[in-house]
Structure formats: C-alpha cells, structure tokens
Amino acid sequence: MSLAVLERRSELLKKRIQELIIKDNQYGISRQQNMFLQHMIKELHQTSYELNTERG
C-alpha cells in the first residue's frame with residue numbers, strides 16, 4: 001500500500017476510535033460496538049506497523 005493511503009487510513013481509524021471512546025465514556029457502548037472498537041484498534045496498530053515499514 002502506498003504511504004498516502006496508509007496515512008489516510010490511520011487518520012480515519014484514529015477519528016473513529018476517538019468517537020467511540022467518547023461515546024463509551026459518556027453513555028456506554030454495546031458489546032458489539034466494543035468488539036468493533038477493539039478490532040479498529042488492532043487495525044490501527046497494524047497500519048502503524050505498515051507505515052513504519054514503508055518509511056524505512
């Protein structure tokens with residue numbers, strides 16, 4: 001994947017994770033949303049690893 005695509009993906013994941021964390025702190029989230037949040041965090045870690053690999 002190109003560097004620009006990885007950076008954009010990282011930005012989108014961070015934004016969505018932040019939104020879910022705020023929602024969880026204010027109102028709580030369902031078990032399904034929590035599982036989705038955990039999956040997005042894993043994706044963010046993978047994307048960060050790929051970004052670091054691309055950058056050299």
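This is a short dialogue on reading helices, burial and contacts in a predicted model.

User: What should I know about the numbering and the model before starting?

Analyst: Residues are numbered from 1 along each chain as its sequence is written, and side-chain values use heavy atoms, with hydrogens and water left out. The model is predicted, and local features need pLDDT of at least 70, side-chain atom pairs count only at pLDDT 80 or more, and totals for chains, interfaces and linings use all residues.

User: How are helices numbered, and which residues form α1?

Analyst: Helices (H or I, at least four residues) and strands (E, at least two) are DSSP runs, numbered from the N terminus. Here helix α1 covers residues 3–26, and helix α2 covers residues 31–55.

User: What span is expected of α1, and what is the distance between its end C-alpha atoms?

Analyst: The expected span of a helix is 1.5 Å times one less than its number of residues. For the 24 residues of α1 this gives 34 Å, and its end C-alpha atoms are 35 Å apart, which agrees. Helix α2 has 25 residues and reaches 36 Å from its first C-alpha to its last, close to the 36 Å expected.

User: What follows each helix?

Analyst: After α1 comes glycine 28, with a positive phi near 90 degrees. Just after α2, glycine 56 has a positive phi of about 100 degrees.

User: How is the packing of two helices described?

Analyst: Two packed helices are described by the angle between their axes and the distance between the axes. Axes are lines fitted to C-alpha atoms, for helices over the stretch in contact, and angles run from 0 to 180 degrees between N-to-C directions. In this model the axes of α1 and α2 come within 9 Å and cross at roughly 150 degrees. That makes α1 roughly antiparallel to α2; angles under 35 degrees count as roughly parallel, over 145 as roughly antiparallel, 65 to 115 as roughly perpendicular and the rest as oblique.

User: Is the crossing of α1 and α2 left-handed or right-handed?

Analyst: A crossing is left-handed if the near helix is turned anticlockwise from the far one by less than a right angle, and right-handed if clockwise. The crossing of α1 and α2 is left-handed. Contact means heavy atoms within 4.5 Å. Residues making the contact include Leu6, Ser10, Leu13 and Ile17 of α1 and Met40, Leu44, Thr47 and Leu51 of α2. By class, the contact has 12 nonpolar, three polar and nine charged residues. Ala, Val, Leu, Ile, Met, Phe, Trp, Tyr, Cys and Pro count as nonpolar, Asp, Glu, Lys and Arg as charged, and the others, Gly among them, as polar.

User: Which residues of α1 are buried?

Analyst: Buried means under 20% relative accessible area, exposed over 50%, and partly exposed in between (1.4 Å probe, protein chains only). In α1 the buried residues are Leu6, Ser10, Leu13, Ile17 and Leu20, and what covers them includes α2. An α-helix has 3.6 residues a turn, so residues three or four places apart point the same way. In α2, Leu37, Met40, Leu44, Thr47 and Leu51 are buried, with α1 among what covers them.

User: What does serine 10 touch?

Analyst: Leaving out residues up to four places away in sequence, serine 10 touches Leu44, Thr47 and Leu51. Serine 10 has 6% relative accessibility and therefore counts as buried.

User: Where do threonine 47 and leucine 44 lie, and what do they touch?

Analyst: Threonine 47 is in helix α2, and at 2% relative accessibility it counts as buried. Not counting residues up to four places away in sequence, threonine 47 touches Leu6, Arg9, Ser10 and Leu13. Leucine 44 is also in helix α2 and counts as buried at 15% relative accessibility. With neighbours within four places in sequence set aside, leucine 44 is in contact with Ser10, Leu13, Lys14 and Ile17. Leucine 44 and arginine 9 are 35 residues apart in sequence and 8.3 Å apart in space, C-alpha to C-alpha.

User: How far apart in space are isoleucine 21 and asparagine 34?

Analyst: Their C-alpha atoms are 9.3 Å apart, and the two residues are 13 residues apart in sequence. Isoleucine 21 lies in helix α1 and is partly exposed, with a relative accessible area of 38%.
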